[in-house]
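Please open the model in your viewer and keep the sequence panel beside it, since the stops below are given as selections to make one after another.

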Amino acid sequence: MMPTPLDRRALLSGALAGAAALAARPTLARAAGPAELRVAQPWEFKTLELGEAGFTYSRAGITETLVASLPDGRIAPGLAQSWSVSDDGLQWRFRLRDAVFHDGTRLDAAAAKASFERLLPQSLYLKRAGIAAVEADGQDLVLKLDRPFGPLLSYLVDNSAALLAPGAFDGEGRVRAIIGTGPFKIGAAELPRSLALVRHEAYWGEKARVAAVRYDAVGNGDTRTNIAVAKDADIVFNLAAQGVGRAGSAGMTIERVIIPRTHILMLNCAKPQFAEAAVRRALSMALDREGIAAGVMRNKALAATQYLPPTLAEWHFADLAPLRQDVAAANALLDAAGWPRGADGIRAKGGVRFAGTVRTFANRPELPVIATAMQAQLRAIGFDLAISVGEAQAIYEAQKDGSLELGLSSRNLVIVPDPIGTIALDYAADSIAPGSTGTTNWRHDGLRQEVARYLAEADDRRRATARRAIAGIIHEELPIIPVTWYDQIVAVHPRVSGFVTDPLEQRYFLDRVAIAK
């Protein structure tokens, strides 16, 4: 199915009358009414396809899934108020709560079944859970699996399989409108950069404390900093570390939370300069992670000593030798691997220059700065790094067409609350999925076996050995190179109360926020 382009008419279809009062404005600088919460964040609303942009709608509180993740990673009821599983692990039964879609349609098992069947083929994670059949049984939605799948509840948090109303789909099953059940619904839009949300008065849970939200996509990090300094938004997400001082001095409250996200250097392992694990280790040894973390991220503790950060305690292992800078050892590895230096100081082997262009993007403003820091560090081991700053999508497109040499990106490790979702997609899949920032032309059969063992196992005690094996293979083979972990930095206006940062980046919890009058 081809992606559905985002257009104003489609997005607004199903919105209630009266929402036109929230017509989109040309800039953030225009004053907002006291009841409107103003939010600035990096990501545009480019498509209706939840498989590509579902996170933008779930974070904003527009769409919801059967179950939800809490900020501490626990699974909680969502649109399913309870569930049970058969002894053989092949049948899961979910009792749906009494909820209403934004267009007034009631949620029932038939509507949930129709939504599941239409969205499951395009889902990023849930389609890998082995769901063989979806049935409606009274007020219960029944999922039948073709094999036991231990982390199913985590996979059900996949925002690309959120439940949409029957009216959200056209006759061919394509999404034509975002009609969810969340605490906010779409009132107006200026696409792809802004949405005006209104409170869903028939929401099944506690109603949002604010009546309206102005939600702007601001890709440039410096612009987001300026918005925070000018207090032109109430909440500014993904504030650059360099902007913290200015925003704080302007009176904004700064929230910093280390989250399960890693900035990674992606390598095309089909290229001769990245094919050998020893050479990838040399590249890793060239990086001054502590210097990058302290100088760019303004937090030395973010130096990535392994792929998964300590916030994911079950996936972070103290017995893995920390990734450290060691230029002398890196040069020795490269000498032994047959990459001698040329007259210009750059290595070559078999006519292949030890060089490459790294693609990165500015939505996360620290990434181009990190790339510049790596440029000098890699030259110390004879690698010539060029930098190309464009759109994040360009990395994925280059992966697909084989032109990627290196990519500097940021990987959310818990798009579903169990990191196995990301690991299975990025390291053990046969194709590159949209949104993936994992390996390129790298395969490890041992890792795939451990991933399969983990996915089939319901007992977490027995999954622990698979976790250690998976983490160890990634650490030793370095098909991607971890650079820094990440802390989410949010600037919050003093008139805002009740703001909560979700370390898992699943939701912005805007429904919990209040504005002082």
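Select Arg359 and then Ser388 in E16, which stand opposite each other in what is a predicted model. Extending the selection to the strands themselves, you will have E15 (residues 355–361) and E16, which pair in the parallel sense over seven bridges.

Now widen the view to the sheet that holds this pair. It is an open sheet of 10 strands with mixed pairing, and its order can be followed across the screen as E8-E9-E10-E1-E11-E18-E12-E17-E15-E16. Colour strand E8 (184–190) and strand E16 (384–390) to mark the edges: each has a single partner strand, so one side of each is left without a neighbour in the sheet.

With the sheet still displayed, add helix H10 (residues 366–379), which lies across strand E12 (253–267), E15, E16, strand E17 (406–412) and strand E18 (480–492). Looking along E16, you should find H10 running at about 170° to that strand.

The next stop is another sheet. Select the four strands in the order E4-E5-E7-E6, which form an open sheet with antiparallel pairing. Here strand E4 (80–85) and strand E6 (131–137) stand at the edges, and because each has a single partner strand, one side of each is left without a neighbour in the sheet. From one strand to the next, the twist averages 20°.

Within this sheet, isolate E6 and strand E7 (residues 140–145), which pair in the antiparallel sense over six bridges. Labelling Ala136 will let you trace its bridge partner, Leu141, in E7. Then bring in helix H3 (residues 109–119), which packs on the sheet and touches strand E5 (91–96), E6 and E7, its direction making about 160° with that of E6.

For the final stop, select helix H13 (residues 445–456) and helix H14 (residues 460–477). How do these two helices cross, and how are they directed relative to each other? Their axes come within 9 Å and cross at roughly 155°; angles over 145 degrees count as roughly antiparallel, and H13 and H14 are therefore roughly antiparallel to each other. The crossing of H13 and H14 is left-handed.

Show side chains at this contact, where Gly446, Leu447, Glu450, Val451, Arg453 and Tyr454 in H13 meet a set of H14 residues including Asp460, Arg462, Arg463, Ala466, Ile470 and Ile474. Colouring the contact of H13 with H14 by class gives eight nonpolar, two polar and six charged residues.

Notes
Residues are numbered from 1 along each chain as its sequence is written. This is a predicted model: local features need pLDDT of at least 70, side-chain atom pairs count only at pLDDT 80 or more; totals for chains, interfaces and linings use all residues. Side-chain values use heavy atoms; hydrogens and water are left out. Axes are lines fitted to C-alpha atoms, for helices over the stretch in contact, and angles run from 0 to 180 degrees between N-to-C directions. Angles under 35 degrees count as roughly parallel, over 145 as roughly antiparallel, 65 to 115 as roughly perpendicular and the rest as oblique. A crossing is left-handed if the near helix is turned anticlockwise from the far one by less than a right angle, and right-handed if clockwise. Contact means heavy atoms within 4.5 Å. Ala, Val, Leu, Ile, Met, Phe, Trp, Tyr, Cys and Pro count as nonpolar, Asp, Glu, Lys and Arg as charged, and the others, Gly among them, as polar. Two strands pair if DSSP finds at least two bridges between them.
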